[in-house]
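This report goes through one protein chain from its aromatic rings to its overall fold. Please keep the sequence and the model in view while reading.

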Amino acid sequence: MLHHPYCTKSCNAFQYLDDHEIVAEVIDLTSFKFDRSFIESLLKKLSCNVNDIIRTNEPVYVKHYAGKNLSTDELIDALVQHPILLQRPIFIEGDKAVIGRPASKVLEIYRK
């Protein structure tokens, strides 16, 4: 689970895991340093494009990127440079991933 400890939705999802006795590795986005290949792999697992995983309401996005017609590569670079822009929580299991909003979406990959 890609988790941000100061994000309400991420904390709710973390609690959801605990309440449903689902064990998952937790990666703290405030200290985890990911690279371009991590983001590219994540996009494949989510079956989405980079626009779907960027938080466009974050002040850093508004300040540096809003209103610009950025390429996929430029958006991936923005995520690498500013991890706060990554949607969260994201649950990853094997070759699948899901954005955990609502938290119950975790069941799509952890319980079949």
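Which residues form one aromatic cluster? Phe32, Phe34 and Phe38 do. The model is a predicted one, and every value below is computed from it.

## Aromatic rings

Four aromatic pairs turn up in a search of the whole structure. One of them joins Phe32 and Phe34, with 6.1 Å from centre to centre and 40 degrees between the planes, and this pair is tilted. Phe34 is buried, at a relative accessible area of 7%, whereas Phe32 has 26% and counts as partly exposed. Tyr61 and Tyr65 form a tilted pair too, because their ring centres are 5.9 Å apart and their planes stand at 40 degrees. Both tyrosines, Tyr61 and Tyr65, are buried.

## Chain and fold

The protein chain has five helices and four strands. Read from the N terminus, the order of the elements is β-α-β-α-α-α-β-β-α. The radius of gyration is 14 Å, and the globule rule gives 13 Å for 112 residues; these values are close, so the chain is as compact as a globular protein of that length. Along the principal axes, the C-alpha atoms fill a box of roughly 40 × 25 × 20 Å.

Of the 112 residues, 41% are buried. Contacts across the sequence can be described as well: among those between residues at least 6 apart, 63% join residues at least 24 apart.

## Nonpolar cores

The largest nonpolar core contains 23 residues. Val50, Ile53, Leu79, Leu86 and Ile90 have the most contacts inside this core. At least two of its residues come from each of these elements: helix H2 (36-46), helix H3 (59-64), helix H4 (72-81) and strand S4 (96-99).

Val50 can serve as an example. Leaving aside residues up to four places away in sequence, Val50 touches Leu43, Thr72, Leu75, Ile76 and Leu79. There is also a second core, separate from the largest one, with 11 residues. Ala13, Ile22, Val106 and Tyr110 are among them.

## Salt bridges

Side chains of opposite charge can pair when their charged atoms come close. The structure has six salt bridges, and the table lists some of them with the N to O distance.

| Pair | Distance, N to O |
|---|---|
| Arg36 and Glu40 | 3.2 Å |
| Asp73 and Arg36 | 3.3 Å |
| Arg88 and Glu58 | 3.6 Å |

Arg36 appears in two of these rows. Its partner Glu40 is four residues away in helix H2, about one turn of the helix. Asp73, by contrast, lies in helix H4, 37 residues from Arg36 in helix H2, and this pair links distant parts of the chain. A network of salt bridges links Arg36, Glu40, Asp73 and Asp77.

Are Arg36, Glu40 and Asp73 buried, exposed or partly exposed? Arg36 has a relative accessibility of 26% and is therefore partly exposed. Glu40 is partly exposed as well, at 33%, and so is Asp73, at 46%.

For the pair of Arg88 and Glu58, the values are lower than the cut-off for buried residues, which is 20%. Arg88 has a relative accessible area of 5% and is buried; Glu58 has 12% and is also buried. Why does this pair tie together separate parts of the chain? Arg88 lies in the loop between H4 and strand S3 (90-93), while Glu58 lies in the loop between H2 and H3, so the bridge joins parts that are 30 residues apart in sequence.

## The hairpin of S3 and S4

S3 and S4 pair in the antiparallel sense, over four bridges. Ile92 has Ala97 in S4 as its bridge partner. The hairpin has two residues between the strands, and in this hairpin Gly94 takes a positive phi near 60 degrees. In a regular strand, side chains alternate between the two faces of the sheet.

How far apart are Ser41 and Asp95 in sequence and in space? They are separated by 54 residues in sequence and by 8.9 Å in space, C-alpha to C-alpha. Ser41 lies in helix H2 and is partly exposed, with a relative accessibility of 29%.

How values were computed. Residues numbered from 1 in each chain as written. Predicted model: local features only at pLDDT ≥ 70, side-chain atom pairs only at ≥ 80, totals over all residues. Heavy atoms only, no water. Core = buried A, V, L, I, M, F, W, Y, C linked by side-chain atoms within 4.5 Å. Buried < 20%, exposed > 50% of the residue type's maximum accessible area, 1.4 Å probe, protein only. Contact = heavy atoms within 4.5 Å. Salt bridge = Lys/Arg side-chain N within 4 Å of Asp/Glu carboxyl O. Pairing = 2+ DSSP bridges. Phe/Tyr/Trp six-rings, centres within 6.5 Å; stacked < 30°, edge-to-face > 60°. Rg over C-alpha atoms; globule rule 2.2 N^0.38 Å.
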